[in-house]
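Trainee: I would like to take one part of this model and go through it slowly, with its neighbours and its setting included. Could you walk me through it once the sequence and structure are up?

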Amino acid sequence: MLIFIARRLIATIPVLAMVAVFVFLMLRLTPGDPAAVIAGDSATSEQVEEIREKLGLNRPLISQFVIWSAKSLQGDFGESFFFKKTVAELIVQRIEPTLALSVCTIVLAVLIAIPLGVLAAHRSGGWIDRVVMGFSVLGFSVPVFVVGYLLIYVFAVQLNWLPVQGYRSFTDDLGEFLLRMILPSVTLAIIYVALIARITRASVIEVLGEDYIRTARAKGLTDRVVLMRHALRNAAVPIVTVIGIGIALLIGGAIVTESVYNIPGLGRLVVDAVLARDFPVIQAVILMFSFVYVLINLVIDIAYSFFDPRIRY
Amino acid sequence: MTARVEDQVEIDVAATAAAARKQGLLSRVAKNQSVAIGAVIVALMMLIGLAAPLLGTVDPKAINPVVRNVKPGIERNVMQASGEMAPRKFWMGTDSLGRDIYSRVLYGARVSLIVGIAVAVISIAIGLTIGLVSGYIRWLDGIVMRFMDGMMAIPAILLAIGLVSLWGAGLVTVIFAIVVPEIPRVVRLVRSVVLSIREEPYVEAAISVGTSTPLILIRHILPNTLAPLIVQGTFICASAMLVEAILSFLGIGIPPDVPTWGNIMAEGRSYFRIHPHMIMFPGLFLAVTVLAVNILGDGLRDSLDPRLGKRI
């Protein structure tokens with residue numbers, strides 16, 4: 001067990017290193033002078049020179065990379081050009097809303113998607129199945145922000161049940177926080193529900209064809225026990241995997257959702273940074289989200305071996 | 001003489017069999033309901049995009065402050081090019097600069113479809129080349145795949161945003177910014193096909209008669225990747241249209257004066273509470289088009305690769 005975990009941990013190091021190389025090279029391999037790209041069209045040559053000096057762009061590529069990665073590992077991502085703060089400070093400030101939105105969305109999506117998928121598999125070919133599958137194709141096709149504005153228009157503007165936009169920290173006022181989280185998490189959960197429900201359905205259908213399900217039925221167990229205890233548990237691995245892989249979709253969706261609902265999180269930060277050509281911030285946020293994505297999937301992989309003793313790599 | 005006749009017969013038989021197989025595949029594709037529905041809607045959208053000037057539209061970039069924020073279906077008097085005033089009905093209303101949303105939405109179909117198709121074609125072309133070569137040449141495989149793993153670990157939209165921020169906004173840069181995150185996904189698909197095909201007896205036979213590696217790749221391995229790539233291509237096309245709209249909507253994609261569905265929605269953001277039509281019409285067109293492409297892809301997957309269809 002320990003050997004497996006150790007091996008899996010070591011296997012992520014090259015991936016993380018490659019992410020770092022890629023994020024580092026993005027700026028350096030851009031055609032033209034990176035310092036001029038960052039400074040923008042209206043910059044003077046002194047400003048360009050200052051940026052070049054600040055980022056160490058006049059040193060050889062390898063030593064730039066070593067310095068940059070050593071600093072990044074210590075949490076030093078440099079200073080934001082636009083916000084006039086260190087990037088690390090900015091990220092710490094903006095992390096709470098994004099984290100809250102993501103957690104609410106994952107909880108909501110799992111609570112909706114797994115029962116839907118199991119139901120669809122149980123009555124495979126029936127009307128519930130058709131509705132669930134239809135919804136899942138639709139969920140992949142409707143842009144997040146269109147769903148967002150539609151929900152705002154119906155529930156906030158027309159019905160006036162929920163606040164339109166904005167964020168309130170849960171440490172300030174839990175009720176307000178939850179009220180303002182409902183629409184954004186529903187918006188963001190839709191694509192995630194589509195993904196999870198589809199995989200749940202497929203893997204439960206596959207498991208339902210197994211001999212032990214027939215045995216369980218033959219013993220006279222009720223449908224619910226067969227579905228929940230035998231089918232769902234054995235179908236869990238692909239479902240949990242897709243929840244992990246779906247984090248990438250969630251991150252992309254969070255950027256848009258935060259813009260629609262005016263939530264001051266990391267997604268808004270990255271959009272503002274792009275508009276202000278604030279490259280240290282963009283780089284740090286991309287790096288951070290990618291690391292989080294890889295680490296979540298690592299944790300999920302390791303978690304399997306606890307849930308399912310058959311899995312050994 | 002007899003030998004030649006027999007050869008001829010054999011060739012004929014082989015040709016008919018191949019033709020029958022092809023026909024079977026094509027008719028299976030054609031019979032599939034999802035393919036038909038998806039293809040019809042996509043074709044319709046293409047037609048709308050192409051024929052936009054003929055469908056009663058005006059210049060989609062023309063600004064007219066007199067008719068700002070008109071609600072859909074309202075008739076207003078508008079100054080013609082000749083200087084006369086004539087009534088015009090705004091089917092989808094106008095935006096805050098008085099531009100006709102109906103015209104902008106119709107012209108917007110062009111950009112979305114161009115981006116979707118271009119991203120699918122370019123990312124498949126690049127991914128196919130890398131995948132074929134790295135799947136077949138062993139020593140290259142490890143290095144390439146580690147790099148691809150690293151790229152895949154960066155969420156696609158985030159990577160596209162990062163690239164656009166460096167390359168600047170524009171149609172070509174947006175297309176390539178969406179292509180880059182798609183490449184590793186295509187490479188993985190192609191490589192998995194190559195790895196299973198390279199052990200087939202006919203590839204070994206080709207090696208043993210001295211066929212060169214590039215020829216083996218093109219003649220024996222490439223054809224096997226086509227069916228899964230066509231399926232993957234439709235899904236790439238659908239997601240590329242969504243990502244383009246997202247980038248434009250966030251204000252970091254294609255320049256705002258170009259009529260794209262994402263741009264129309266971006267301009268409608270601040271007026272949305274009073275004028276939801278500014279977001280809903282382009283949103284509806286975008287959703288229907290992406291849905292059609294996705295349905296087409298589902299249908300193609302079921303008919304081209306029945307094994308895959310059952311799994312998901």
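Trainee: How are α9(B) and α10(B) oriented to each other, roughly parallel or roughly antiparallel? Please take a close look at α10(B) and at what packs against it.

Mentor: Bear in mind from the outset that this is a predicted model, and that what follows is computed from its atoms. I will begin with the pair you name, then turn to the other partners of the helix, and end with the chains around them.

Helix α9 of chain B covers residues 261-268, and its axis lies 8 Å from that of α10(B), with a packing angle of about 155 degrees. Since an angle over 145 degrees counts as roughly antiparallel, α9(B) and α10(B) are therefore roughly antiparallel to each other. The crossing of α9(B) with α10(B) is left-handed. On the α9(B) side the contact involves W261(B), I264(B), M265(B) and G268(B), and these meet M278(B), I279(B), P282(B), G283(B), F285(B), L286(B) and T289(B) of α10(B). Sorted by class, the residues of this contact are eight nonpolar and three polar, with no charged residue among them.

A second partner from chain B is helix α8, residues 213-249, whose axis comes within 9 Å of that of α10(B), residues 277-304, at a crossing angle of roughly 165 degrees. With that angle, α8(B) and α10(B) are also to be described as roughly antiparallel to each other, and α8(B) passes α10(B) in a left-handed crossing. From α8(B) the contact draws on A227(B), I230(B), V231(B), T234(B), F235(B), C237(B), A238(B), M241(B), L242(B) and A245(B), while α10(B) supplies L286(B), T289(B), V290(B), V293(B), N294(B), L296(B), G297(B), D298(B), L300(B), R301(B) and L304(B). The class count for α8(B) with α10(B) is 15 nonpolar, four polar and two charged residues. If you compare the residue lists, L286(B) and T289(B) of α10(B) appear in the contact with α9(B) and again in the contact with α8(B).

One residue on the α8(B) side, C237(B), deserves a remark of its own, because its relative accessibility of 10% places it in the buried class. Over all chains the count of disulfides is zero. For another cysteine, C104(A), the relative accessible area is 22%, so this residue is partly exposed.

The third partner comes from chain A, namely helix α7, residues 144-158, whose axis comes within 10 Å of that of α10(B) and crosses at roughly 140 degrees. That angle makes α7(A) oblique to α10(B), and the crossing of α7(A) and α10(B) is left-handed. The contact is made by V146(A), Y149(A) and L150(A) on one side and by I279(B), M280(B) and G283(B) on the other. By class, these residues of α7(A) and α10(B) come to five nonpolar and one polar, with no charged residue. Here too the lists share members, since I279(B) and G283(B) meet α9(B) and also take part in the contact with α7(A).

As for the setting, chain B has eleven helices and two strands, and read along the sequence these follow the pattern α-α-β-β-α-α-α-α-α-α-α-α-α. Buried residues make up 49% of the 312 residues of chain B. Among the contacts in chain B with a separation of 6 or more, 71% are between residues 24 or more positions apart.

Chain A, which contributes α7(A), comes to 14 helices and zero strands. The C-alpha atoms of chain A fill a box of roughly 80 × 55 × 35 Å along the principal axes, and 49% of the 313 residues of chain A count as buried. In chain A, residues 24 or more positions apart account for 71% of the contacts with a separation of 6 or more.

Two loop residues of chain A can round off the view. T44(A) sits in the loop between α2 (34-39) and α3 (45-55) of chain A, is partly exposed with a relative accessible area of 39%, and lies 54 Å from A113(A), C-alpha to C-alpha, at a sequence distance of 69 residues. N262(A), in the loop between α12 (247-261) and α13 (266-275) of chain A, has a positive phi of about 55 degrees although it is not a glycine. Most residues other than glycine have a negative phi. With a relative accessible area of 38%, N262(A) is partly exposed.

Methods
Residues are numbered from 1 along each chain as its sequence is written. Chains are lettered from A and ligands numbered from 1 in the order in which they are written. This is a predicted model: local features need pLDDT of at least 70, side-chain atom pairs count only at pLDDT 80 or more; totals for chains, interfaces and linings use all residues. Side-chain values use heavy atoms; hydrogens and water are left out. Axes are lines fitted to C-alpha atoms, for helices over the stretch in contact, and angles run from 0 to 180 degrees between N-to-C directions. Helices (H or I, at least four residues) and strands (E, at least two) are DSSP runs, numbered from the N terminus. Angles under 35 degrees count as roughly parallel, over 145 as roughly antiparallel, 65 to 115 as roughly perpendicular and the rest as oblique. A crossing is left-handed if the near helix is turned anticlockwise from the far one by less than a right angle, and right-handed if clockwise. Contact means heavy atoms within 4.5 Å. Ala, Val, Leu, Ile, Met, Phe, Trp, Tyr, Cys and Pro count as nonpolar, Asp, Glu, Lys and Arg as charged, and the others, Gly among them, as polar. A disulfide is a pair of cysteine sulfur atoms within 2.5 Å. Buried means under 20% relative accessible area, exposed over 50%, partly exposed in between (1.4 Å probe, protein chains only).
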